[in-house]
Amino acid sequence: MYSGRQKIAVGFPRFINLVRRALQTTVLRLTHSRSPCFAQNFLSLPFNNTNLTETSQFYSSLIQQCTESKCTTDIRRIQLHMMKSGFPHLILGNKLVDAFLKCGSITDASKIFDEMPHRHIVTWNSMIASYIRHERSKEAISLYTRMVEEGVFPDEFTLSIVFKAFSDMGLLHGARIAHGRALVSGLDASNVFVASSLVDVYAKFGEMRDAHLVSDRIVGKDVVSFTALIVGYAQCGQDREALEVFTNMLKEGIKANEYTFSSILVTCGNLNLPINGKLIHNIIVKSGFESVIASQTSLLTMYSRCGLIDDSLEVFDGFLSPNQVTWTSLIVGLVQNGREETAFSKFRQMIIQSANPNSFTLSSVLRACSSIAMLEQGKQTHSIIMKFGLNRDKFTGAALIDFYGKCGIIQSAKLVFDRLSEFDAVPINSMIYSYAQNGCGYEAIELFHRMKDMVVEPNEVTIVSVLTACSNSGLIREGLQIFTSLKKKQNIELTRDHYACMVDLLARGGRLKEAEILIKQVKNPDVILWRTLLNACRIHGEIEMAKRATNRVLEIAPNDEGTHILLSNLYASTGDWSSVIGIKSTMREMKFKKNPAMSWIEVDRKIHTFMAGDDSNSRSKETHQMLERLIETVKKIGYVPDTRFVLQNMEEKEKEKSLYYHSEKLAIAFALCHTTDMASCIRLFKNLRVCGDCHSWIKYVSKAVGRDIVARDAKRFHHIRDGLCSCGDYW
């Protein structure tokens, strides 16, 4: 009987002769060919005798040809041919593994790898790197562990790639052990790529102290090692440290690359350092990186976060072919800077130029629409979301719920919510808050309790939303029950925002003493808590408690503008004009400026804005004539001007006249003049709370003209039909 080696030797003379003949007649021609049928042509040829070295070279050439043409099937045929011919194919194991990996067949590569008796370090590294590229970090770590156990010491390439696998799997301890091996070999300091990977992995775990220590040990730092540390600090929110590292890098004469610039620009935006940002912009231009997409996007982000949105637009206008990321960055910046209409206009341009939006783009556009209640534009965006199949996505779903909720169309918000394919706290919070804004307190509480069945834990936002719902609907008992039950749960920590909601609930319900006691239970109560109590004191005319609340606020924030305005309004409502004069004098000395009341309304897809006494609108004459007719009409059916809401010292008739030209009255009169569909709902929006007189007037107008009116103020929605409001006159 022959041994394995003898069998190969006996069978080889014939095989070698066949290969030699093939080499002589076809190999040279086919090796230089790029025909996809290269391997198939060879495998159909007859073979003659040659030697082992030539055969290996021949198969290597074939494997290389198939690798270049990405032909996995032909590589398998070559492997099969070698095995059937008795050729020891594993002597070409490294080449086969490399070929399969380059063709994307990690399964085939793994089978060959496991059969190989001896593996080169390069092959180990190729397999580990391929697992990581295919997001199979667990298998990469397993193979790395096996490599070490088999006595193969990792080199600089192994370590530089395996750290990413440890960070992907959240295995800090494993990364530290690998760091130990790098220390033993000295690679943690001598090899920039290993050290940079170490800095990166520690940064991703938030271990910036360790990242900095590794960075300090690097011999011959370059832009890669500095950038790794800068990116790490930026990702961990330590922007000042990132800026300091960048400054040190420049001092050492090392030029930044596109990744350095991208991170440091965002850092400048986070720190609101426009001067630094502009200096870095100049460096980018001189370095030739201005046209790089990453730098462009970061420039947009930096300028928008610094409030320089016009500079951001100027940068964007210089882009030759903006992509999805740059379009989205611009739109987000515009929305953040209160340029909602421009944001929607840019979104339209994006669609026209065939740049497909993602869920983040669409969520930002919906945020723009909800901020100023652009109902038609929001509906158009909803159609685009449907077109791209993102209507069941939880993030765009949450944005849609928020949009419809802030436009006062709670039925549409619920319809979107019910059609979502998956739920977490984000869309649920949006739905509860929409209920809260629209006065649907019981529905909000019911959904809050359903979260347990949905296996979703409430977070801080959930609690704020459900308590706000209780407050807006006057559900004091229900709100107290929820608050008390949450206080007993160890896994939930109630914040000042939650206490502020409860103070608002109790105080607006007239339980001012309980509200004040609750504030005193909070460690270091802030301005918002005391100002919430102060606002309730204004509603209920509680002067003494208001003074106590004011004193507490001014102790914490002496220059708090809102507190001075609230106290002035409180004194004005009680007729204490001398105190009003004193407070306004103080406000003038401190250069405070009260935000003017403003209302807006959408007619024929255009936003029309009004201020009290405003006659700047081109159709103001028609509007004022309509307003006068409305006032006469509603007086006949019971409307009486409530001059308590005039916070100025003037004659009674002058007070009445001033009430007639409040911004919300002008907006509704304009809408009645210029809407063709007399059965449509009038949707009004105001930046401050609707005053009591306007609330009463709008109810009478709704009854007189037979139109539904939805009014959104700074606090909530008022759905008014036939003289009745959804708030039940509680707001």
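Here's a quick tour of one sheet, one pocket and some ring contacts in this structure. Keep in mind that the model is predicted. A good place to start is the open sheet of 6 strands, since two of its strands, strand 1 and strand 3, also help line the second largest pocket. From there we move on to the aromatic pairs, of which the structure holds 12.

**The sheet**

- The 6 strands run in the order 2-1-3-4-5-6, and their pairing is mixed.
- Strand 2 (606-611) and strand 6 (724-725) are the edge strands: each has a single partner strand, so one side of each has no neighbour in the sheet.
- In general, strands of a sheet pair through backbone hydrogen bonds, and they can do that parallel or antiparallel.
- For strand 1 and strand 3 the sense is antiparallel, with 3 bridges between them.
- Look for Trp600 here: its bridge partner in strand 3 is Phe685.

**The second largest pocket**

- This pocket has a volume of about 430 Å³.
- It's lined by 20 residues, and the closest to its centre are Glu602, Val603, Asp604, Thr675 and Cys681.
- Helix 23 (375-387), strand 1 (598-603), helix 38 (663-674) and strand 3 (682-686) each chip in at least two lining residues.
- As for character, the lining splits into 8 nonpolar, 4 polar and 8 charged residues.

**Aromatic rings**

- Phe403 and Tyr404 make a tilted pair, with 4.9 Å from centre to centre and 55 degrees between the planes.
- Phe403 has 0% relative accessibility, so it counts as buried.
- Tyr404 is buried too, with a relative accessible area of 6%, because the cut-off for buried is under 20%.
- Trp600 and Phe685 turn up again as a ring pair: their centres are 6.3 Å apart and their planes sit at 20 degrees, so this pair is stacked.
- Because Trp600 lies in strand 1 and Phe685 in strand 3, the pair ties together parts that are 85 residues apart in sequence.
- Both Trp600 and Phe685 are buried.
- Elsewhere, Phe316, Phe319 and Trp327 form one aromatic cluster.

**A charge over a ring**

- Which ring does the charged end of Arg119 sit over? That would be the ring of Phe113, with the charged end 4.7 Å from the ring's centre.

Terms used. Residues numbered from 1 in each chain as written. Predicted model: local features only at pLDDT ≥ 70, side-chain atom pairs only at ≥ 80, totals over all residues. Heavy atoms only, no water. 1 Å grid on protein atoms, 1.4 Å probe; cavity = no way out; pocket = protein on both sides within 12 Å on 5 of 7 lines; lining within 4 Å. Points joined across faces, edges and corners; volume = space filled by probe spheres on them. Helix = DSSP H or I, 4+ residues; strand = E, 2+ residues; numbered from the N terminus. Nonpolar A, V, L, I, M, F, W, Y, C, P; charged D, E, K, R; others polar. Pairing = 2+ DSSP bridges. Phe/Tyr/Trp six-rings, centres within 6.5 Å; stacked < 30°, edge-to-face > 60°. Buried < 20%, exposed > 50% of the residue type's maximum accessible area, 1.4 Å probe, protein only. Lys NZ or Arg CZ within 6 Å of the ring centre and 35° of its normal.
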